[in-house]
Amino acid sequence: GHCRLLCKPSALAQHLVRSLGRSAALRGGRWPWPCWPQLQMLWQLLQPPEPEPVVARELLQLSDAGLVALDWLVGPWGAAGGGGGLSSPVLLLIPNAAGKVTGGLLQLGLRALERGFIPVIFNRRGHNGCPLTTPRLQSFGDPGDLREAVTYLRCRHPSASLLAVSEGSGSGLLLAYLGESGSSSRLAAAACLSPIFRGRDWFEARMPWLYEWPLLLHLKQGLSRYAGALAEVVDTDRLLGSRSLRELEETLFCRTRSRPTSWESYWERNEPLRDADEAAVPVLCLCSADDPVRGPPARSLPRELFRSSPYFFLLLTPHGGHCGFPRRGPGRCWAHEAVLEYFRAMAEFLRMEERRKGLPRPR
């Protein structure tokens with residue numbers, strides 16, 4: 001399907017090439033208008049999942065009394081029909097930085113549920129109806145809340161493999177977590193769909209208005225619910241009057257009343273790849289060359305990272321838009337099948353390595 005895998009040569013890379021090469025996902029039917037990435041993006045974002053998923057919400061209290069929400073997908077059959085056994089792999093789904101849970105992300109969760117995974121959506125503070133109990137939100141690349149959520153999932157499912165998938169700008173959070181945690185991430189593998197690698201450049205370059213304005217409106221609607229509480233720390237009039245995602249981000253996290261900081265200092269602490277050299281978990285990044293949100297590949301794809309790190313794999317396709325990757329027939333998004341095939345190949349490779357080295361499985 002004209003996809004290319006860019007990575008550092010290794011035994012794992014060879015195994016992925018063989019597994020993805022055999023996958024029907026990369027050879028399936030194609031979108032009839034491959035040169036319209038904006039249409040691909042809208043089609044994937046606006047299509048509701050089929051069937052409609054049933055979600056069970058769990059609120060997790062953090063160390064500073066803040067709350068994040070974990071939405072467990074239990075299928076369209078009710079709580080009795082979904083989920084796997086105690087050792088079934090747990091798949092953590094991370095929405096974009098605006099907290100928008102798209103139909104594509106829900107569809108991925110349903111496909112994973114059918115394959116025996118236990119999918120759960122991570123909602124940041126104040127996002128997607130999660131109550132905001134502290135006047136503090138999670139910045140673009142601050143993995144603190146995600147780390148506590150992963151620790152909880154590991155305690156709840158101690159014998160299961162823990163996997164993670166992020167969508168769009170939400171990949172900034174996952175990449176920052178993997179770099180900052182290193183070999184202590186507790187994840188077996190991760191994947192990013194249409195990730196944003198360079199956060200500051202992305203905010204400064206801005207996106208097409210067709211994508212930026214709906215996200216900006218979505219964020220403002222969520223923040224307006226907590227305007228009274230946030231008035232203690234930020235200028236809410238300026239916040240709700242922001243005309244770009246950069247202005248909103250800068251008002252919310254840089255121009256605070258108690259601890260103001262510069263735009264440059266903010267990104268020193270929030271760039272997704274600031275600690276990428278420390279990552280010790282295999283990460284598949286599925287990107288399209290015509291992504292209208294991320295920007296041109298020449299300046300938005302860190303190709304050198306994929307050539308030098310044995311843990312980063314770039315699956316690059318010429319067409320697919322932003323988190324679109326549409327196809328005809330069931331499933332609608334071939335990237336979902338590729339990600340699930342990647343996780344299957346990773347588990348197979350680890351089992352082969354354990355048998356080859358005679359290592360006991362970790363408890």
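Let's start in the sheet: strand 2, covering residues 54-61, runs antiparallel to strand 3, and eight bridges join the two. This is a predicted model, so keep that in mind as you click around. One of the pairings to pick out is Arg57, which stands opposite Asp71 in strand 3. Between the two strands sits a hairpin connection of five residues, and in that hairpin Ala65 takes a positive phi near 75°.

Now stay with strand 3 and look to its other partner. Strand 5 (residues 118-123) is also antiparallel to strand 3, this time joined by four bridges. Here Leu70 stands opposite Phe122 in strand 5. How well covered is strand 3, residues 67-75? Nine of its nine residues are buried.

Next, move along to helix 10, which spans residues 245-253. Helix 10 is mostly covered too, with seven of its nine residues buried. Leu245, Leu248, Leu252 and Phe253 are among the buried ones, but so are Glu249, Glu250 and Thr251. What does the covering? The buried residues of helix 10 have helix 6 (199-205) and helix 7 (209-224) among their cover, along with helix 9 (236-240) and helix 11 (263-270).

For a contrast, go to Glu232, in the loop between helix 8 (227-230) and helix 9. Is Glu232 buried or exposed? Its relative accessibility is 58%, and because exposed means over 50%, Glu232 counts as exposed. Glu232 still has company from elsewhere in the chain: leaving out residues up to four places away in sequence, it touches Pro135 and Arg257. Take Arg257: it is 25 residues from Glu232 in sequence, yet the C-alpha to C-alpha distance between them is 7.6 Å.

Finally, zoom out to the whole protein. The fold has 14 helices and nine strands. Of its 363 residues, 56% count as buried. How do the contacts spread along the sequence? Taking those between residues at least 6 apart, 76% join residues at least 24 apart; the Glu232 and Arg257 pair, 25 residues apart, is one you have already visited. As for the outside, the accessible surface comes to about 15,600 Å², and carbon and sulfur atoms account for 54% of that.

Methods. Residues are numbered from 1 along each chain as its sequence is written. This is a predicted model: local features need pLDDT of at least 70, side-chain atom pairs count only at pLDDT 80 or more; totals for chains, interfaces and linings use all residues. Side-chain values use heavy atoms; hydrogens and water are left out. Buried means under 20% relative accessible area, exposed over 50%, partly exposed in between (1.4 Å probe, protein chains only). Contact means heavy atoms within 4.5 Å. Accessible areas come from the Shrake-Rupley method with a 1.4 Å probe; for residues, only the protein chains shown count as cover. Two strands pair if DSSP finds at least two bridges between them.
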